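Visitor: Before I accept the labels attached to a model, I would like to hear the reasoning behind each of them. Could you take me through it step by step?

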Amino acid sequence: MTIRVAAIGTGNVGKHALAQLVINPDYELTGVWVSSPAKAGLDAGELAGLDISTGIRATDDLDAILAAKPDCVVYTAIADNRLLEALEDYRRILAAGINVVASSAVFLQYPWQVLPAEMIEPIEAATQEGSSSLFVNGIDPGFANDLLPLALAGACQQIEQIRCMEIVDYATYDSPAVMFDVMGFGKPLEETPMLLQPGVLSLAWGSVVRQLAAGLGIELDEVTEEHTRVPAPEAFDIASGHIPQGTTAALRFEVRGMRDGKPAVVLEHVTRLRDDLCPDWPQPAQEGGSYRVVVTGEPSYTLDLCLSSPNGDHNHAGLVATAARVVNAIPAVVAAAPGIRTTLDLPLITGRGLYAAG
């Protein structure tokens, strides 16, 4: 049965999600929402970078998206710098009886014991009012630190720690708002960006450690965080803009789920803007970047996940992977019981129907 879908957001992730919705015959596109007036009125095929005319014109009116009554919305609009607006969007969409798969806000991957109740309860109430479901995922937070580590954990006799790592060069990631305003690259080290304000790391990636703990069936005593920033040795340029000498050019942080004084589950990011920076920090398994899962136990495992694409570098591949993860979850989320759904709730998403001979 064809599933009626709408797309909200056509940015770095959204354009890839939209392309998949347009070309996959299992989905019927009912609408596209955009935040930019310059994009309003453009055909969905053009916004997806496809040489296809769909007849679906983009709108900046959310009411028009809801009026078409899709079965599911694919929400990829940025939420990091518009959190309250994004949560209100979710509440409205879910209360209207429309399911949502999304790539943000990332803490909704597993919000319990991460968000205050007053932020979760309106979303949960909306899912009950609309008999609808919400699934937020991607690659990180997403399958690189929920599906993969829990699959490895399922082949252990004993587990001492699960550590999930992103080791990536972000130089080609083109999003000035995220790179400069949120993460603080190109900013003086004495200036604290949004991401490094006290508690924000634990808010953004607390969902990862809390969900891993839930998968292991343990209660965490606390979630702690720490970070290190390193300045640029000289000025240079990246896709998002200019990095002056002496400003932040490398960032390493950990979010730790503690039990009995020991880190039971850990989310670690090692982010560089040049591969020659901080050579003593963990190195990726391939040029540009990779994801790593380390399970310490009996037996122990180390899994390196290397993304690539014939159409771009590792950062391009990561954007496509994020989009595909949520789009491919649509049938399972539409069929799921109402509520905020997580990887622990949904069946295995296998990529059914995606085979295409090269």
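Guide: What follows is a conversation about a predicted model, in which labels are set against their cut-offs.

Visitor: What makes the size of the protein chain agree with that of a compact globule?

Guide: For 358 residues, a compact globule would have a radius of gyration near 21 Å, and the protein chain has 20 Å, which agrees. Along the principal axes, the C-alpha atoms fill a box of roughly 55 × 50 × 45 Å. Within that box the secondary structure comes to ten helices and 14 strands.

Visitor: How much of the protein chain is buried, and what does the word require?

Guide: The word requires a relative accessible area under 20%, and 53% of the 358 residues are buried. The protein chain still exposes about 15500 Å², of which carbon and sulfur atoms supply 51%. As for contacts between residues at least 6 apart in sequence, 72% of them join residues at least 24 apart.

Visitor: Why is Ser103 called buried?

Guide: Its relative accessible area is 15%, and the cut-off is under 20%, so Ser103 is called buried. Ser103 has its place in the loop between E4 and H5. Beyond its neighbours within four places in sequence, Ser103 is in contact with Val13, Tyr75, Thr76, Val136, Asn137, Thr322 and Val326.

Visitor: Which peptide bond in that loop is cis, and what is its omega?

Guide: The bond from Ser104 to Ala105 is cis, with omega near -5°, and Ala105 lies in the loop between strand E4 (99-102) and helix H5 (117-130). Another cis peptide bond joins Glu298 and Pro299, where omega is about -5°; Pro299 belongs to the loop between strand E12 (289-298) and strand E13 (301-305). For background, most peptide bonds are trans.

Visitor: What is remarked on in the phi of Lys69, and why is Lys69 called exposed?

Guide: Lys69 is not a glycine, yet has a positive phi of about 55°, and its place is the loop between helix H3 (62-67) and strand E3 (72-75). The general background is that most residues other than glycine have a negative phi. With a relative accessible area of 62%, Lys69 passes the cut-off of over 50% and is therefore called exposed.

Visitor: How do you know that Gln113 is exposed?

Guide: The relative accessible area of Gln113 is 57%, and since exposed means over 50%, the label follows. Gln113, a residue other than glycine, has a positive phi near 65° and lies in the loop between E4 and H5.

Visitor: What makes the pair of Glu28 and Arg4 a salt bridge?

Guide: The N to O distance between their side chains is 3.2 Å, and the criterion is a side-chain nitrogen of Lys or Arg within 4 Å of a carboxyl oxygen of Asp or Glu, so the pair qualifies. The pair links distant parts of the chain, with Glu28 in strand E2 (residues 27-33) and Arg4 in strand E1 (residues 3-8), 24 residues apart. At 37% relative accessibility Glu28 counts as partly exposed, as does Arg4 with 26%, because both values fall between 20% and 50%. A search of the whole structure finds twelve salt bridges.

Visitor: How far apart are Arg91 and Glu88 along their helix, and how do you know that they form a salt bridge?

Guide: Arg91 and Glu88 are three residues apart in helix H4 (residues 83-95), which means they are separated by about one helical turn. Their closest N and O atoms are 2.8 Å apart, so the limit of within 4 Å is met. Arg91, at 30% relative accessibility, counts as partly exposed, and so does Glu88, at 34%.

Visitor: What ties strand E12 to strand E13, and are the two partners buried or partly exposed?

Guide: Arg292 forms a salt bridge with Asp304, the closest N and O atoms being 2.5 Å apart. Arg292 lies in strand E12 and Asp304 in strand E13, so the pair ties together parts that are twelve residues apart in sequence. Arg292 has 16% relative accessibility and counts as buried, whereas Asp304, with 34%, is partly exposed. Elsewhere, salt bridges that share partners join Arg163, Glu226, Arg252, Glu254, Arg256 and Glu268 into one network.

Notes
Residues are numbered from 1 along each chain as its sequence is written. This is a predicted model: local features need pLDDT of at least 70, side-chain atom pairs count only at pLDDT 80 or more; totals for chains, interfaces and linings use all residues. Side-chain values use heavy atoms; hydrogens and water are left out. Helices (H or I, at least four residues) and strands (E, at least two) are DSSP runs, numbered from the N terminus. The radius of gyration is taken over C-alpha atoms; the globule rule is 2.2 Å times the number of residues to the power 0.38. Buried means under 20% relative accessible area, exposed over 50%, partly exposed in between (1.4 Å probe, protein chains only). Contact means heavy atoms within 4.5 Å. Accessible areas come from the Shrake-Rupley method with a 1.4 Å probe; for residues, only the protein chains shown count as cover.
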